[in-house]
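User: Please pick one part of this model and look at it closely. Then place that part in the chain as a whole, in plain terms I can follow at the bench.

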Amino acid sequence: MSERSSERWSAEFWDERYRSKPSLWSGNANAVVMAETAGLTPGRALDVGCGEGGDALWLATQGWQVDGVDVSRVALDRAAGHAAAAGGEIASRTRWEQRDLLAWTPPASSYDLVSVPFLHLPSATRVPVYAGLAAAVAPGGTFLVVAHHPSDLGVVPRPPEPDLFFTAEELAAELDDGWRVVTREARSRPGTHPDGYEVLLHDTVLRATR
Ligand SMILES: C[S@@+](CC[C@H](N)C(=O)[O-])C[C@H]1O[C@@H](n2cnc3c(N)ncnc32)[C@H](O)[C@@H]1O
């Protein structure tokens, strides 16, 4: 195993997590991704940390040509299986590629939508990685980030590293010139604590147009 194999952003960590259950996520697209992309004209999309493909497949049904990238081969194989099951037209609009965001940057100005849902990295890594992802947005395109808001810490169990969590204001401040911020907020949603009681959670949501 490599030095960083047990870290939360390594293939080994995520492959083991995905193997622990037949499916880790619901299979549905994230509600924020659906809401924030609903009015966009479909083009080329990059779904970053696509997992089992819920968002990418939904985007494909909306007419997007989607590249789903993830560090986990296990997750990508599941995503490809769901795409095949969805039928030829959807499968033909999706591509699945194993990429480690710590070692790969997408080509600059090449996507009409770059969507980054729930990819939590230490800030010293996240800032340059997200800058590279934002740079992959073509002129006129959209950069969309959804993440667990820092205020969720203490409400539900999250990894005990506050540095992994960030606000939309912080993200907006990290964008270079040439962006129009469309959405910058902590969006509330109902959730359930593992002990069974209802809680109010918040998602960091940033949508910006280049
Ligand atoms: C919390 S899950 C989110 C999955 C999916 N986007 C969703 O919202 O359901 C984070 C995803 O990021 C992927 N990931 C973690 N570290 C990564 C890295 N270094 N490079 C690429 N993907 C990574 C994981 O394999 C996992 O699928």
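Analyst: A residue is called buried here if 20 or more other C-beta atoms lie within 10 Å of its own. Keep in mind that the model is predicted.

The part to look at is helix α3. This helix covers residues 54-61. It is mostly covered, with 7 of its 8 residues buried. The buried ones are G54, D55, A56, L57, W58, L59 and A60. Those names include a charged residue, D55. They also include the nonpolar residues L57, W58 and L59. In general, an α-helix has 3.6 residues a turn, so residues three or four places apart point the same way. Just past the helix, the backbone does something worth noting. G63 has a positive phi there, about 105 degrees.

Now step back to the chain. It holds 7 helices and 7 strands. Read from the N terminus, their order is α-α-β-α-β-α-α-β-β-α-β-α-β-β. In that order, α3 sits between two strands. The radius of gyration is 16 Å, close to the 17 Å that the globule rule gives for 210 residues, so the chain is as compact as a globular protein of that length. The C-alpha atoms fill a box of roughly 40 × 40 × 35 Å along the principal axes. Of the 210 residues, 36% are buried. Set that beside α3, where 7 of 8 are buried. Contacts reach far along the sequence too. Take those between residues at least 6 apart: 68% of them join residues at least 24 apart.

Another helix pair shows how elements meet. Helix α1 (residues 11-19) packs on helix α4 (residues 73-86) at about 50 degrees, and their axes are 7 Å apart. Angles from 65 to 115 degrees would be roughly perpendicular, and those under 35 roughly parallel, so α1 is oblique to α4. On the α1 side, the contact uses W14, D15, Y18 and R19. On the α4 side, it uses R73, V74 and A75. By class, that contact has 4 nonpolar, no polar and 3 charged residues.

W14 turns up again at the ligand. The shell there counts 19 residues, and W14, G49, G51, V71 and L101 come nearest. By class, the shell has 11 nonpolar, 5 polar and 3 charged residues.

The loops offer a contrast to α3. In general, most residues other than glycine have a negative phi. S109 departs from that, with a positive phi near 50 degrees. It lies in the loop between β3 and β4. S109 counts as exposed because it has 12 C-beta neighbours inside 10 Å. T105 is in that loop too, between β3 (94-98) and β4 (111-117). T105 has 14 C-beta neighbours inside 10 Å, so it counts as partly exposed. The C-alpha atoms of T105 and E169 are 24 Å apart, and the two residues are separated by 64 along the chain.

F118 also takes a positive phi, near 60 degrees. Its place is the loop between β4 and α6 (123-135). With 17 C-beta neighbours inside 10 Å, F118 counts as partly exposed. Neither S109 nor F118 is a glycine.

Back to the part in question. In α3, 7 of 8 residues are buried, whereas S109 in its loop counts as exposed.

Terms used
Residues numbered from 1 in each chain as written. Predicted model: local features only at pLDDT ≥ 70, side-chain atom pairs only at ≥ 80, totals over all residues. Axes fitted to C-alpha atoms, helices over the stretch in contact; angles between N-to-C directions. Helix = DSSP H or I, 4+ residues; strand = E, 2+ residues; numbered from the N terminus. Parallel < 35°, antiparallel > 145°, perpendicular 65-115°, else oblique. Contact = placed C-beta atoms within 7 Å. Near = placed C-beta within 6 Å. Rg over C-alpha atoms; globule rule 2.2 N^0.38 Å.
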